[in-house]
Amino acid sequence: MSRTSAALEPPADAVKPVRHPDAPAPGELLGAHYEHCFGCGGGQPHGLRLEARAGEGVTLTAEFTVRPAHQGAPGLAHGGVLATALDETLGSLNWLLRKIAVTGRLETDFVRPVPVDTVLHLTAEVTAVAGRKIYSTATGRIGGPEGPVAVRADALFVEVKVEHFIDNGRPAEIRAAMNDPDQSRRARAFEVNP
């Protein structure tokens with residue numbers, strides 16, 4: 001029996017993902033897609049400040065340090081924060097495809113507790129693409145990149161047009177992002193999460 005639901009199984013006509021020729025080079029830090037993003041932005045005092053690096057093909061690695069503001073049970077990371085770290089990591093993969101996509105479905109397995117002050121080492125890859133649907137998977141480990149698995153997730157992202165954000169976001173933030181003179185940052189501001 002598969003650990004993922006049928007909704008996360010790519011259809012028979014899905015294709016292997018292809019890294020965009022303009023994607024960041026392997027080892028390159030992707031940077032925040034938006035300064036005020038809770039997952040990766042530096043403008044959120046209690047945000048995750050997750051840092052992702054491009055890998056080979058359509059893969060990446062990321063790190064997130066669990067701070068006291070991220071705890072649920074005393075001394076342990078909140079499960080929702082861990083799911084957010086996985087979602088942010090998976091969403092960052094779309095930058096390697098140079099597609100604007102939002103989370104359609106995220107299934108998370110919590111394998112072991114993650115203590116405060118722990119660095120969560122994440123790896124992720126796009127496994128298939130079917131039309132506007134992007135299928136991906138991620139794993140989070142503690143104690144180092146080869147340490148024991150603490151969390152894992154499978155996700156389905158759906159490619160959208162930038163109008164998805166313009167029509168649904170708060171106008172002040174949309175204008176600020178659209179007026180950013182850096183074309184790359186302007187495009188990345190609209191890449192992940194509904």
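What follows is a chat about a predicted model of one protein chain.

Trainee: Start me off. How many helices and strands are in the protein chain?
Mentor: Five helices and six strands. Remember that this is a predicted model.

Trainee: In what order do the elements run from the N terminus?
Mentor: β-β-α-α-β-β-β-β-α-α-α.

Trainee: And what share of the residues counts as buried?
Mentor: 43% of the 194 residues. The accessible surface is about 9,800 Å². Carbon and sulfur atoms hold 53% of that surface.

Trainee: What about contacts between residues at least 6 apart in sequence: what share joins residues at least 24 apart?
Mentor: 65% of them.

Trainee: Let's go to the strands. How do β1 and β2 run, parallel or antiparallel?
Mentor: Antiparallel, with four bridges joining them. β1 covers residues 51-54, and β2 covers residues 59-65.

Trainee: Which residues stand opposite each other there?
Mentor: R53 is opposite T61. A54 is opposite L60.

Trainee: What happens between the two strands of that hairpin?
Mentor: There are four residues between them. G57 has a positive phi there, near 60°.

Trainee: Where do the side chains of β1 point?
Mentor: They alternate. A52 and A54 point to one face and are buried. E51 and R53 point to the other face and are not buried.

Trainee: Now β2. Which side chains are buried there?
Mentor: L60, A62 and F64, which point to one face. T59, T61, E63 and T65 point to the other and are not buried.

Trainee: How many bridges link β2 to β4?
Mentor: Seven, in the antiparallel sense. One pairing to look at is L60 with A124 in β4. So L60 has a bridge partner in β4, and A54 stands opposite L60 on the β1 side.

Trainee: Stay on A124. Buried or exposed?
Mentor: Buried, because its relative accessible area is 4%, and the cut-off for buried is under 20%.

Trainee: What does A124 touch, leaving out residues up to four places away in sequence?
Mentor: V58, T59, L60, T89, L90, L93, T137 and A138. Take T89: A124 and T89 are 35 residues apart in sequence. Their C-alpha atoms are 6.9 Å apart.

Trainee: Switching to the core. Which residues touch the most other members of the largest nonpolar core?
Mentor: F64, L90 and L120, out of 37 residues in that core. Elements that each supply at least two residues include β1, β2, α1, α2 and β4. β5 and β6 do so as well.

Trainee: Is L120 worth a look? What does L120 touch, with residues up to four places away in sequence left out?
Mentor: A62, E63, F64, L82, G140, R141, I142, A150 and V151. F64 is on that list, and F64 is also among the residues touching the most core members.

Trainee: What lies apart from the largest core?
Mentor: Another core, of five residues. Among them are L8, A128, Y135 and L156.

Trainee: Rings next. How many aromatic pairs does the search find?
Mentor: Zero, over the whole structure.

Trainee: What sits over the ring of W95, then?
Mentor: The charged end of R98, 4.3 Å from the ring centre.

Trainee: Back to phi. Which sign do most residues other than glycine have, positive or negative?
Mentor: Negative, for most residues other than glycine. R49 has a positive phi, near 55°. D117 has a positive phi too, near 75°.

Trainee: Where is R49, and how exposed is it?
Mentor: R49 is in the segment before β1. R49 counts as partly exposed because its relative accessibility is 39%, between the 20% and 50% cut-offs.

Trainee: And where is D117?
Mentor: In the loop between β3 and β4. D117 counts as exposed because its relative accessibility is 61%, over the 50% cut-off.

Trainee: Last one, G143. Where is its place?
Mentor: In the loop between β5 and β6. G143 is exposed, at 82% relative accessibility.

Trainee: How far apart are G143 and T118 in space?
Mentor: 7.6 Å, C-alpha to C-alpha. In sequence they are 25 residues apart.

Key. Residues are numbered from 1 along each chain as its sequence is written. This is a predicted model: local features need pLDDT of at least 70, side-chain atom pairs count only at pLDDT 80 or more; totals for chains, interfaces and linings use all residues. Side-chain values use heavy atoms; hydrogens and water are left out. Rings of Phe, Tyr and Trp (its six-membered ring) pair if their centres lie within 6.5 Å; planes under 30 degrees apart count as stacked, over 60 as edge-to-face and the rest as tilted. A charge sits over a ring if NZ of Lys or CZ of Arg is within 6 Å of the ring centre and within 35 degrees of the ring normal. Buried means under 20% relative accessible area, exposed over 50%, partly exposed in between (1.4 Å probe, protein chains only). Two strands pair if DSSP finds at least two bridges between them. A nonpolar core is a set of buried Ala, Val, Leu, Ile, Met, Phe, Trp, Tyr and Cys residues joined through side-chain atoms within 4.5 Å. Contact means heavy atoms within 4.5 Å. Accessible areas come from the Shrake-Rupley method with a 1.4 Å probe; for residues, only the protein chains shown count as cover.
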